[in-house]
Amino acid sequence: MKTKNISEGFIRPITGLERIAVWKHLKGMTEDDIVLRFGISTRPETMKSYVQKINLNRDLALGIFVNNQLMGFAHGATYDDGGWQVTEVGLSVDTCLQGQGWGTKLLDAAIDLARKNGSIKLIVNTLTRIQAIRRILKKRGGQEKIDGQ
C-alpha cells in the first residue's frame, strides 16, 4: 500500500456538496477502521444514513484532502446540554495516511473549530485499545472516562 506524504494535503471544512465524498471515504474503510470509528461493526446503509443526517449548519465537519480526494473525516455533533454547548467528535483517517500525524492535525482542527463555535466541552468516544487517540487527548489536557467506571 502506498503511503502519502503529510505535506501533500490540507484540512478544511466539508461542504454539503461533499456528502458523497464522505460516504465514499467511510465506505472504503477497512472493517477494523469502521469498528475504530463507530465503536461497532457498521453496515454500509447505516453509514450512508449517518452521512445524510449530518447537519452542516450546526455540526462540525472537517476533511483531510490529498490531491482533492477526501482521505480523512471528522464529524462533531453539536448539542445543548443544560445550557452548555457540547460537541461530540468522531474521526477517521485512511489507512495509507495513518501514523503520519494526520489524526492529530484533524483532532486539533476539530478542537479549535468547536471552541471557536462556542462549545465548552468536547467529547471523543474511542475504544480503550486506541492508544494513539488517547495519548493525543491526554496531551491536550483531556480527561479520560471509561464506561463502567
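Nine residues line the second largest cavity here: Arg58, Asp59, Leu60, Thr78, Thr87, Leu113, Ala114, Asn117 and Ser119. Keep in mind that this is a predicted model. Below is a quick tour of its empty spaces, its nonpolar cores and two of its helices, with a stop at threonine 87.

**Cavities**

- The second largest cavity comes to about 30 Å³, and its lining is a mix of three nonpolar, four polar and two charged residues.
- In total, the structure holds two cavities of 30 Å³ or more.
- The largest cavity has a volume of about 40 Å³.
- Around the largest cavity sit Ile14, Arg19, Val22, Val51, Ile54, Leu56, Ala61 and Phe73.
- By class, that makes seven nonpolar residues, no polar ones and one charged one in the lining of the largest cavity.

**Threonine 87**

- One of the residues lining the second largest cavity is Thr87, and threonine 87 is part of strand β4.
- Is threonine 87 buried or exposed? With a relative accessibility of 1%, threonine 87 counts as buried, because buried means under 20%.
- Setting aside neighbours within four places in sequence, threonine 87 is in contact with Leu60, Gly76, Ala77, Thr78, Ala114, Ser119, Lys121, Leu122 and Ile123.
- Leucine 127 is 40 residues away from threonine 87 along the chain, and their C-alpha atoms are separated by 18 Å.

**The largest pocket**

- The largest pocket holds about 1,300 Å³ of space.
- Its lining takes in 36 residues, and Leu122, Ile123, Val124, Asn125 and Leu137 lie nearest the centre.
- Sorted by class, the lining of the largest pocket has 14 nonpolar, 11 polar and 11 charged residues.
- Elements giving at least two residues each to this lining are α2 (31–38), β3 (69–81), β4 (84–93), α4 (102–116), β5 (121–124) and α5 (131–139).
- Which element gives the largest share of the lining of the largest pocket? That would be α5, with five residues.

**The second largest pocket**

- The second largest pocket has about 500 Å³ of volume.
- It is lined by 23 residues, with Leu91, Val93, Gly103, Ile130 and Ile133 closest to its centre.
- Two or more lining residues apiece come from α2, β4, α4 and α5.
- For the second largest pocket, the largest share comes from β4, which gives four residues.
- The class count for the second largest pocket is 11 nonpolar, 10 polar and two charged residues.

**Nonpolar cores**

- As a rule, nonpolar side chains in soluble globular proteins tend to be buried together.
- The largest nonpolar core in this model has 22 residues, and those with the most contacts inside it are Ile64, Leu91, Leu97, Leu106, Leu107 and Ile133.
- At least two residues of this core come from each of β2 (60–66), β3, β4, α4 and α5.
- The largest share of this core belongs to α4, with six residues.
- What does isoleucine 64 touch, leaving aside its neighbours within four places in sequence? Isoleucine 64 is in contact with Phe10, Ile11, Gln69, Leu70, Met71, Gly72, Val93, Leu97, Trp102 and Leu106.
- Apart from the largest core lies another one, of 14 residues, including Ile14, Leu26, Val51 and Phe73.

**Helix α5**

- Ile133, Arg134, Ile136 and Leu137 are the buried residues of α5.
- Looking down the axis of α5, these buried residues fall within an arc of 160°, so they line one face of the helix.
- The background is simple: an α-helix has 3.6 residues a turn, so residues three or four places apart point the same way.
- Packed against the buried residues of α5 are β4, α4 and β5.
- On the face turned away from the buried side, α5 carries the exposed residues Lys138 and Lys139.
- Just after α5, glycine 141 takes a positive phi of about 85°.

**Helix α3**

- Helix α3 covers residues 44–53, and Met47, Tyr50 and Val51 are buried in it.
- Seen down the axis of α3, the buried residues fall within an arc of 95°, so they line one face of the helix.
- The cover over the buried residues of α3 includes α1 (19–27), α2 and β3.
- Gln52 and Lys53 are exposed, on the face of α3 turned away from its buried side.
- Val51 also turns up in the lining of the largest cavity and in the core of 14 residues.

Notes: Residues numbered from 1 in each chain as written. Predicted model: local features only at pLDDT ≥ 70, side-chain atom pairs only at ≥ 80, totals over all residues. Heavy atoms only, no water. 1 Å grid on protein atoms, 1.4 Å probe; cavity = no way out; pocket = protein on both sides within 12 Å on 5 of 7 lines; lining within 4 Å. Points joined across faces, edges and corners; volume = space filled by probe spheres on them. Nonpolar A, V, L, I, M, F, W, Y, C, P; charged D, E, K, R; others polar. Core = buried A, V, L, I, M, F, W, Y, C linked by side-chain atoms within 4.5 Å. Buried < 20%, exposed > 50% of the residue type's maximum accessible area, 1.4 Å probe, protein only. Contact = heavy atoms within 4.5 Å. Arc of directions from axis to C-beta.
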